[in-house]
Amino acid sequence: MRINRMTAAVLCAAGVFTSQAALSAPSTMVPDTVTMAAAPQDVVEFGVYLPLRHQDDLDSLLAKLHDKSSPHYQHWLQPAEFMARFGPKPEDIAAVKAALTARGLTIVSSSAHGVRVSGSAAAVEQAFSTPLLKVKSRS
C-alpha cells in the first residue's frame with residue numbers, strides 16, 4: 001500500500017503541525033500565529049482514518065432508510081453490521097499499520113476506522129514526503 005500525501009489533513013486535524021500547502025491560505029485565517037519548521041526530533045501524534053467502502057451501496061441504503069415508502073424505512077443498522085458492510089477491512093488496517101511501521105512510525109492504537117500514529121517529525125516528513133511546519137499562537 002502506497003502512503004499518499006495526506007499529511008496536511010491528518011496533522012492539521014490533530015492541531016499540531018501543518019504542511020506548506022495548508023499555509024497558503026490567507027494569513028487572516030490564522031491570526032496571531034507564528035510558523036516555523038518542525039525540529040526533526042519533535043514528536044508528532046496523529047490519526048490515519050480509512051475511507052468507507054462500497055460508497056454507492058451506502059448512498060442507496062441511506063436513501064432507502066429515509067424514504068417513507070421503502071420497506072427499509074428507519075431499519076437502522078447496528079454499528080457492527082455497518083462496519084462489516086461499509087467499514088475498512090481488517091486487512092486494509094493491517095496494511096496501513098505495516099506501511100507506517102516500515103517507515104519508522106509507531107502505532108499507538110488502532111480501531112475499526114484507522115490507526116493512531118506517533119513518530120518524530122523527521123520520520124513523518126520522510127514517510128509522507130512533505131515538510132512539517134509548527135504553528136504556534138503568539139499569545
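# Close-up views of a predicted chain

**View 1. Val124, a buried residue of helix α5.** At 0% relative accessibility, Val124 counts as buried, since buried means under 20% relative accessible area. This residue of the predicted model lies in helix α5. Take a look at Val44 as well: Val124 and Val44 are 80 residues apart in sequence, yet their C-alpha atoms are 7.7 Å apart in space.

**View 2. The buried side of helix α5.** Val124 has company here, for Ala121, Ala123, Ala127 and Phe128 of α5 are buried too. Around the helix axis these residues cover an arc of only 160°, which puts them on the same side of α5. Once α5 ends, the chain continues with Ser129, whose phi is positive, near 50°.

**View 3. The largest nonpolar core.** This core has 17 residues. Phe46, Leu100 and Leu105 are the ones with the most contacts inside the core. At least two core residues come from each of β3 (43-49), α4 (90-102), β5 (114-120) and α5 (121-128). The biggest contribution is that of α5, which gives 5 residues.

**View 4. Helix α4 and its two sides.** Start with the length of the helix: at 1.5 Å a residue, the 13 residues of α4 should span 18 Å, and the end C-alpha atoms are 18 Å apart, which agrees. Ile93, Val96, Ala99 and Leu100 are the buried residues to find in α4. They are on the same side of α4, because the arc they cover around the axis is only 125°. Turn to the other side of α4 and you meet Pro90 and Ala102, both exposed.

**View 5. The surroundings of helix α4.** The partners of the buried α4 residues are both strands and a helix: these residues pack against β3, β4 (106-110), β5 and α5. Leu100, buried in α4, is also one of the residues with the most contacts inside the largest nonpolar core. Just after the helix comes Gly104, with a positive phi of about 85°.

**View 6. The buried face of helix α2.** Three leucines are the ones to pick out in this view: Leu58, Leu61 and Leu65 are the buried residues of α2. Seen down the helix axis, they fall within an arc of 65°, so they line one face of α2. Helix α3 is included in what covers these buried residues.

**View 7. Helix α2 packed with helix α3.** Two packed helices are described by the angle between their axes and the distance between the axes. For α2 (residues 55-65) and α3 (residues 79-86), the angle is about 140° and the axes are 10 Å apart. On the α2 side, Asp57, Leu58 and Leu61 make the contact, while α3 brings Phe82, Arg85 and Phe86. By type, the contact residues divide into 4 nonpolar, no polar and 2 charged. Leu58 and Leu61 will be familiar from the previous view, where they are among the buried residues of α2.

**View 8. The whole chain, for orientation.** To place the close-ups, step back to the full model, with its 5 helices and 6 strands. Along the sequence, these elements follow the pattern α-β-β-β-α-α-α-β-β-α-β. The chain has 139 residues, and 31% of them count as buried. Contacts that reach across the sequence are plentiful in this view: among those between residues at least 6 apart, 70% join residues at least 24 apart.

Technical notes. Residues are numbered from 1 along each chain as its sequence is written. This is a predicted model: local features need pLDDT of at least 70, side-chain atom pairs count only at pLDDT 80 or more; totals for chains, interfaces and linings use all residues. Side-chain values use heavy atoms; hydrogens and water are left out. Axes are lines fitted to C-alpha atoms, for helices over the stretch in contact, and angles run from 0 to 180 degrees between N-to-C directions. Helices (H or I, at least four residues) and strands (E, at least two) are DSSP runs, numbered from the N terminus. Contact means heavy atoms within 4.5 Å. Ala, Val, Leu, Ile, Met, Phe, Trp, Tyr, Cys and Pro count as nonpolar, Asp, Glu, Lys and Arg as charged, and the others, Gly among them, as polar. A nonpolar core is a set of buried Ala, Val, Leu, Ile, Met, Phe, Trp, Tyr and Cys residues joined through side-chain atoms within 4.5 Å. Buried means under 20% relative accessible area, exposed over 50%, partly exposed in between (1.4 Å probe, protein chains only). The expected span of a helix is 1.5 Å times one less than its number of residues. The arc is that of the directions from the helix axis to the C-beta atoms.
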